[in-house]
Amino acid sequence: MSRGHAVGDPRSLPARARPQPSSDGIALAVLGTGYLGATHAICMASLGHRVVGVDSDAIKVEALIAGRVPFYEPDLAPMLGSWRDAGSLTFTTDPTSVEADIYFLCVPTPQEANGKRCDLGPVHSALRALAPQLRAGDVVVGKSTVPVGTAASLLALLRRLRPDIEVSLCWNPEFLREGHAVEDTLRPSRLVLGIADGDKRSEVLLRRVYAPLIQAGCPVIVTDLATAELMKVAANAFLATKISFINAMAQVCDAADADVVTLAEGLGLDPRIGAGSLAPGLGFGGGCLPKDLHALQARAEELGVGDAVAFLEDVDAVNEQVRTGVVSAARDAVGGDLAGVRIAALGAAFKAGSDDVRESPALAVIARLAAEGARVRVYDPEAMARAAIDVPAAEYVASAQAAMLGAELTMVLTEWPEFARIDPTQAAGWVRLPVMIDARHIVDRGAWQSAGWTVRAPGRRPYEPTAAPSEPYARGAVSG
Ligand code: UDX
């Protein structure tokens, strides 16, 4: 791939808000090259900075050095190749070899194995490893999602570790969505700079790092450490709440013979509500929303304000009900007993545009169907390898057609656009019974029913052509 105008390169973005590479290149180190860190490192190189990504995982680092992104994210691989070839983006497993002006902490903060709290072990280890090599004037920037209060305690730890120099630590949370990581990093909705009292140096340096984005019009919010940390956690809790709200409404719609997809469309047009994260379906999953919701609950308890966020229990409970409801809809569709029933599962990723199956609602449903004895054949365009490790009880096949051959029930579980493009007449010839549950509301029910299918979708009354001429969401995928 030649340098420059690759897909996802800032220069291929629309001119209106295109960030111009900075002429003020800064030496950056990105500690942790997982989803967040690798994306950040690659995108920062595209802004004109000299970037080194550091990770203890030699396999990951080797892949990045070879120009391979170790996860699925559209647009990222060509950018990695471009900036690596240009010499401004390197990767290493040896943190002591790195000299930078600014160190971004991008290590994971997973949920603790036994509890709702966030495991801060990786953040502490990264900071302890970094501390000895810091020089006066260096700035440490946290990007990982952490419970409120973490940054202040990390700053205190850093001061204890390096009493000999003045150290700066600030917090700059990331709001990127999987599947849109490049766009969200290079054209973010806002930049949040959490700055400790009196720390002018961090703000000045971060403004230089992000100068191309700021010049392109990105709003900047400068605040204290705690507010910056909360900004991220609260955003994810709010998005989860919106998703559970519309899925709760889906249950009301089922009971009241109303249509949740049309309801969501109408709600989303109200500017006070907004259409994002309002697509009903299978609920939220992934590496962020579930864990951040739990971590906020745990932290609020620690702070003595657990009652204030007690409603988040209900947000979680609705999310669980959605999965249970779809499995029971499958049971109903096949006459009450899933044992031995051949099911085609279309989708395993937690959402389209990703190969991530962490907390995937689709995979949770697949596991439950298999646990009830169903013979589940799964197809997902990107997530099969990861899904097969987590749920080996299902069979994984190479196409939607292969999954549907001989199926007695077809279930759309992830909103990949290719599933919406399946020809229902052809597909009727693949299956044993033309029965579908569209848990993501992406198929054109009119076309499928005309081709002889029975299509059920949670929160939607059975499709009747005269009563429901338009299918507002059937053409697209989940927004968000
Ligand atoms: C989320 C936040 O959006 C992002 O700002 C943060 O930085 C990381 O966490 P992501 O996990 O990539 O990003 O996914 P998102 O697009 O928010 O979807 C999360 C889950 O909710 C997925 O399982 C998705 O299918 C589901 N979802 C999303 C819905 O069910 N309905 C929606 O309307 C939107």
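In this predicted model, α9 is followed by Asp257, a residue with a positive phi, near 60°. The helix itself spans residues 225-256. With its 32 residues, α9 reaches 46 Å from the first C-alpha to the last, close to the 46 Å expected at 1.5 Å a residue. At the opposite end from Asp257, the start of α9 carries a contact between side chain and backbone: a side-chain oxygen of Asp224 comes to within 3.2 Å of the backbone nitrogen of Ala226.

α9 also takes part in the surroundings of the ligand, where it gives the most to the shell, with 4 residues. The ligand has 22 residues around it, of which Phe175, Leu176, Glu178, Ala279 and Lys351 come nearest. By class, this shell consists of 11 nonpolar, 5 polar and 6 charged residues. Oxygen atoms of the ligand take part in contacts with both backbone and side-chain atoms of the protein. On the backbone side, an N or O atom of Leu176 lies 2.8 Å from a ligand oxygen, and a backbone N or O atom of Leu278 lies 3.0 Å from an oxygen atom of the ligand. On the side-chain side, an N or O atom of Lys351 is 2.8 Å from a ligand oxygen. On its own the ligand has 660 Å² of accessible area, and the protein covers 96% of this.

The second largest pocket has a volume of about 310 Å³. It is lined by 20 residues, and those closest to the pocket centre are Asp254, Gly325, Ala329, Pro458 and Gly459. Two or more lining residues come from each of α9 (225-256), α12 (311-333), β13 (435-438) and β14 (454-456). Among these elements, α12 provides the largest share of the lining, 6 residues. The lining of the second largest pocket comprises 10 nonpolar, 8 polar and 2 charged residues. α9 thus contributes to the lining of this pocket as well as to the shell around the ligand.

Notes: Residues numbered from 1 in each chain as written. Predicted model: local features only at pLDDT ≥ 70, side-chain atom pairs only at ≥ 80, totals over all residues. Heavy atoms only, no water. 1 Å grid on protein atoms, 1.4 Å probe; cavity = no way out; pocket = protein on both sides within 12 Å on 5 of 7 lines; lining within 4 Å. Points joined across faces, edges and corners; volume = space filled by probe spheres on them. Nonpolar A, V, L, I, M, F, W, Y, C, P; charged D, E, K, R; others polar. Expected span 1.5 Å × (residues − 1). Polar contact = N/O pair within 3.5 Å; in protein donor to acceptor, adjacent residues only side chain to side chain. Near = heavy atom within 4 Å. Areas by Shrake-Rupley, 256 points an atom, 1.4 Å probe, with all protein chains shown as cover.
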